[in-house]
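Please work through the exercises below with the structure open beside you, trying each task before you read its solution.

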Amino acid sequence: MPGVMADAAAWQPVVDALEVAGPVYVLNRRGRRPSGELGADYSVRTEIDDLDHVVEKIMTAEGAQRGLDLFGWSFGGLVALEAAARRPSAMHSLTLYEPVVRPFGRHVLPALWEADQAGDLDRAVEIVNRDVSGFSAEYVAQLRRSAVWDVLRRLAVPLARELTALDRHHADLPELGTLDVPVTLLLGGENEGVPPYGDAFASFASALPRARVVTMPGQGHLAHAHDPESLARHIEQALPVRRDAECDGRQESTR
């Protein structure tokens, strides 16, 4: 389950590097082709409902009686946790890579909405990279000169509504922390104790005391883009052994 400023294609290198049995499904959330628009009543609950629907479809299609191994990154990490709590019997394990929760990103909402209303996607991409993620002006300038910039502009279209929905969503983390499913929390070593991702991560780690916390040395929030092979290894290591499963070595990416 990807977060904001990403789609299934952005996670393809991680899928390609994964060595797991069975199919791998990567969601194109609302606001990403070929999925539809966010919708008039969009909220985090919309995302949870969507994921719950997909989980049901996969369970039916695959006959996954032993449950799914669900992975979520950033905004998608919160959605994955909420969806797992709604349907714990469908889960074999849950892995969350730097999930976020409100008030993450609240301080940039006025500027994001100003850019949104002006149709200034360049400004929106700059805000999320400079004022949220804290990347340097030089880093953003390099992005602007690369082919990635046009992809980021497209992914920024729903950004203001997504972060607004996050800010309006009340996640009962202590209640979610009672989830009786093996949970692994992945943290990029560069973000340990560092806002905004380190602060958000600490909230989840505190609320999920039974979770296994794994720090990935040398990584930040974008390991799927910067080091997909390393992230794939950490995901594999987070998966509980399916001792009664048949491992046929198949692997797919479904969008």
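**Exercise 1. Find where Met5 sits in this predicted model, and decide whether it is buried or exposed.**

Solution. Begin with the chain, where Met5 belongs to the segment before α1 (12–17). Next, look at its backbone, which has a positive phi of about 55° although Met5 is not a glycine. Finally, take its relative accessibility of 13%; because buried means under 20%, Met5 counts as buried.

**Exercise 2. Describe the second largest pocket by its volume, its lining and the kinds of residue found there.**

Solution. The space in this pocket comes to about 530 Å³. Its lining is made up of 26 residues, and those nearest the centre are Met5, Leu152, Leu222, His224 and Ala225. Two or more lining residues come from each of α5 (121–132), α6 (137–145), α7 (148–155) and α11 (223–226), and α7 gives the most, with 4 residues. Sorted by kind, the lining holds 19 nonpolar residues, 6 polar ones and 1 charged one.

**Exercise 3. Check whether the length of helix α2 agrees or disagrees with its number of residues, and then examine its surroundings and its two ends.**

Solution. Helix α2 covers residues 44–62, which is 19 residues, and at 1.5 Å a residue it should span 27 Å. The expected span is 1.5 Å times one less than the number of residues, and since the end C-alpha atoms are 27 Å apart, the two values agree. Turning to its side chains, the buried residues of α2 include Val44, Ile48, Leu51, Val55 and Met59. The elements covering the buried residues of α2 include β1 (24–25), β2 (68–73), α3 (75–86), β3 and α8 (159–168). At the start of the helix, a side-chain oxygen of Ser43 comes to within 3.1 Å of the backbone nitrogen of Arg45, while just after the helix Gly63 takes a positive phi of about 60°.

**Exercise 4. Which side chain does that of His92 join through a polar contact, and is His92 buried or exposed?**

Solution. First locate His92, which is found in strand β3 (residues 91–97). Its relative accessibility is 17%, so His92 counts as buried. Its side chain is joined to that of Asp69 by a polar contact of 2.9 Å.

**Exercise 5. Locate the cis peptide bonds that end at Pro103 and at Pro196.**

Solution. The bond from Arg102 to Pro103 is cis, with omega near 15°, and Pro103 lies in the loop between β3 and α4 (109–118). The bond joining Pro195 and Pro196 is also cis, with omega about 0°, and Pro196 lies in the loop between β4 (183–188) and α10 (197–207).

Technical notes:
Residues are numbered from 1 along each chain as its sequence is written. This is a predicted model: local features need pLDDT of at least 70, side-chain atom pairs count only at pLDDT 80 or more; totals for chains, interfaces and linings use all residues. Side-chain values use heavy atoms; hydrogens and water are left out. On a 1 Å grid over the protein atoms alone, a cavity is a set of points where a 1.4 Å probe fits but cannot get out, and a pocket is an open set with protein on both sides within 12 Å along at least five of seven lines; lining residues have an atom within 4 Å of a point. Grid points are joined across faces, edges and corners, and a volume is the space filled by probe spheres set on the points. Ala, Val, Leu, Ile, Met, Phe, Trp, Tyr, Cys and Pro count as nonpolar, Asp, Glu, Lys and Arg as charged, and the others, Gly among them, as polar. Buried means under 20% relative accessible area, exposed over 50%, partly exposed in between (1.4 Å probe, protein chains only). A polar contact is a pair of N or O atoms within 3.5 Å; within protein, one must be able to donate a hydrogen and the other to accept it, and residues adjacent in sequence count only if both atoms are side-chain atoms. Contact means heavy atoms within 4.5 Å.
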